[in-house]
Each structure stands twice: as structure tokens, then as C-alpha cells.
Amino acid sequence: MDKPKKSKFKLQREGLKAKYGARQVYRWLGYADGDNEKALVDFINTIATRLNILPSYFYTIAIGEGLGHKYLDLDKSFDAKGNLRTDKRMSGLVHFGVDDFGDDYSRVKKYLPSDYNEGDEFEAIKGHRPDDFGRKVVNTAFFKDLESGLEGFGAILKHRRDLFLAHSKAFNYPKPNEDQMAFWNYCYYQGEGRAKRYLQHNKGLNYSNPAPENMKEIKQLALERLATWRYVQMNNLFD
């Protein structure tokens with residue numbers, strides 16, 4: 001009996017997994033491939049383009065940081081007609097992984113629209129996240145709706161990208177290619193201090209080099225995001 005043929009999508013994921021040495025390539029196309037999710041695609045195309053971030057990359061990181069399984073997987077995030085709700089209050093900690101947005105706002109305000117203000121688009125609030133010692137109090141945020149949350153998330157992603165580029169230049173590294181940019185941007189998104197030390201320790205932009213012990217898991221996550229981004233990109237969901 002002939003074996004069933006593998007789908008185009010499975011073949012794409014297997015190829016990217018092998019190419020990048022990623023543990024897995026996530027099947028995240030489904031969060032943006034339907035007419036009922038058009039509002040999300042439109043927001044991402046607009047915000048990412050304004051920030052000069054590839055919309056497919058913007059989407060991939062946002063989905064992985066909680067927007068997917070913490071929001072878009074929930075039936076209550078869709079209205080009676082099955083369309084994505086965009087008016088719900090969003091958690092910076094849970095839905096976007098911007099745990100410290102309340103503290104970061106002053107640093108990233110320059111990346112936000114001029115009318116994006118505390119008290120209107122977001123409310124700074126104390127929250128808790130697990131850390132190596134139990135629970136850490138963070139000054140996070142609640143965003144008034146999906147668009148405000150995506151704007152805040154995008155500002156953090158752009159800020160971390162600019163930090164990576166500044167540090168890379170200071171270390172006299174060459175200009176990053178797209179894959180290197182995607183990998184290191186995610187490392188910086190996970191924590192700019194340790195990412196800078198990792199970048200310096202790496203003595204270049206080649207992410208295949210062994211990572212320090214405290215960055216091994218971040219490296220694996222960054223490779224997964226890199227490979228998944230390429231999977232999203234090749235299926236043309238975004239501008």
C-alpha cells in the first residue's frame with residue numbers, strides 16, 4: 001500500500017526544521033489565514049510597516065509570546081458571527097510578553113504614534129511573573145484593545161532591534177543578514193542585558209556557535225521563531 005503523500009505545509013516545516021536545526025516549526029498560519037481574522041492581519045500590516053519590521057516576523061513573535069494560545073485560541077475572543085473581536089482589554093504580560101511595559105514606556109514612546117498615551121491606550125499595573133526564585137513583581141500594562149496592544153508590542157520589538165544593531169556595530173560586527181536579524185532580535189526581546197552579553201561572547205553574528213549555559217534555551221527558542229517565521233513568510237499571509 002502506498003504511503004500517503006505529505007502535505008506541502010508539512011514538507012515546508014520539515015525542511016525548515018532541518019535547515020535551522022530547530023526543535024520544531026510551529027503551525028501558526030491558522031491564526032491569520034481566514035476572513036474572520038482579517039482585522040488582525042490589517043493591524044499587523046499597518047503597524048509593522050510603520051516600524052519597518054516585516055509583518056510576517058512581527059506576527060510570528062506576537063503569536064509565540066501569547067497572542068496565539070492565550071487569546072486567539074479562545075472562543076470568547078470571537079463575536080457571534082465568528083469574527084475576531086478587537087475591542088477586548090489585553091494583558092501585556094499574558095498576551096504579548098511585554099512584562100515590563102509600564103517601566104519600558106518612557107524608553108519606547110518614540111516608536112509609538114504621537115497620540116498613544118498612558119491612561120488612554122494602556123494602564124500601567126503591577127503584575128507577577130514566575131522567575132528562578134518564585135514570583136517577581138513587574139510593572140506591566142493592560143492595553144485597551146487589540147490595536148493598542150499590538151502597538152505596544154511593536155514598540156518593544158523595534159526598541160530591542162535597535163539595541164541589537166547598536167551593540168553589534170559597537171562590537172565591529174558586519175551588517176546582519178535577514179536570518180541573523182531575526183535570531184538576535186528575538187534574543188534581545190527576551191532580555192536585552194543577557195542578549196548583549198551573549199552577542200559579545202559569540203564574537204560575531206553566527207548563531208550556530210555554542211551558546212553560554214544561561215542562553216541555551218533562549219537560543220533554541222530563537223531558532224524555532226526564525227524557522228517558523230520563514231514558514232509564515234513563504235505562505236504569503238502578509239504584505
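This is a short tour of a few helices, a set of aromatic rings and two buried residues in a predicted model.

**Stop 1: two packed helices**

Start by selecting residues 38-51, helix α2, and residues 55-72, helix α3. Two packed helices are described by the angle between their axes and the distance between the axes. Here the angle is about 135° and the axes are 10 Å apart. That angle makes α2 oblique to α3, because it falls in neither the roughly perpendicular range of 65 to 115 degrees nor the roughly antiparallel one, over 145. Turn the view and you can follow α2 as it passes α3 in a right-handed crossing.

Now show side chains. On the α2 side, pick Leu-40, Ile-44, Asn-45, Ile-47, Ala-48, Thr-49 and Leu-51. They meet Pro-55, Phe-58, Tyr-59, Leu-67 and Leu-72 of α3. What classes of residue make up this contact of α2 with α3? Ten are nonpolar, two are polar and none is charged.

**Stop 2: Ala-62**

Stay on helix α3 and click Ala-62. Is Ala-62 buried or exposed? With a relative accessibility of 0%, Ala-62 counts as buried. Leave out the neighbours within four places in sequence, and Ala-62 still touches Leu-67, Gly-68, His-95 and Phe-153. For a distance to try in the viewer, go from the C-alpha of Ala-62 to that of Gly-30: you should get 14 Å, for two residues 32 apart along the chain.

**Stop 3: the aromatic rings**

Hang on to Phe-153, one of the contacts of Ala-62, and bring back Phe-58 from the α2 contact. The structure holds 21 aromatic pairs, and Phe-58 with Phe-153 is an edge-to-face one, with ring centres 5.0 Å apart and 90° between the planes. Which parts of the chain does this pair link? Phe-58 sits in helix α3 and Phe-153 in helix α6 (residues 146-170), 95 residues away along the chain. Both rings belong to buried residues.

Next, widen the selection to Phe-58, Phe-96, Phe-101, Tyr-105, Tyr-116, Phe-122, Phe-143, Phe-153, Tyr-186 and Tyr-189. Ring pairs join these residues into a cluster.

**Stop 4: Asp-104**

Last, jump to helix α5, residues 101-108, and select Asp-104. Its relative accessibility is 9%, so Asp-104 counts as buried, the cut-off being under 20%. What does Asp-104 contact beyond its neighbours within four places in sequence? Show Ile-156 and Arg-160, and you have the answer.

Technical notes:
Residues numbered from 1 in each chain as written. Predicted model: local features only at pLDDT ≥ 70, side-chain atom pairs only at ≥ 80, totals over all residues. Heavy atoms only, no water. Axes fitted to C-alpha atoms, helices over the stretch in contact; angles between N-to-C directions. Helix = DSSP H or I, 4+ residues; strand = E, 2+ residues; numbered from the N terminus. Parallel < 35°, antiparallel > 145°, perpendicular 65-115°, else oblique. Left-handed = near helix turned anticlockwise from the far one by under 90°. Contact = heavy atoms within 4.5 Å. Nonpolar A, V, L, I, M, F, W, Y, C, P; charged D, E, K, R; others polar. Buried < 20%, exposed > 50% of the residue type's maximum accessible area, 1.4 Å probe, protein only. Phe/Tyr/Trp six-rings, centres within 6.5 Å; stacked < 30°, edge-to-face > 60°.
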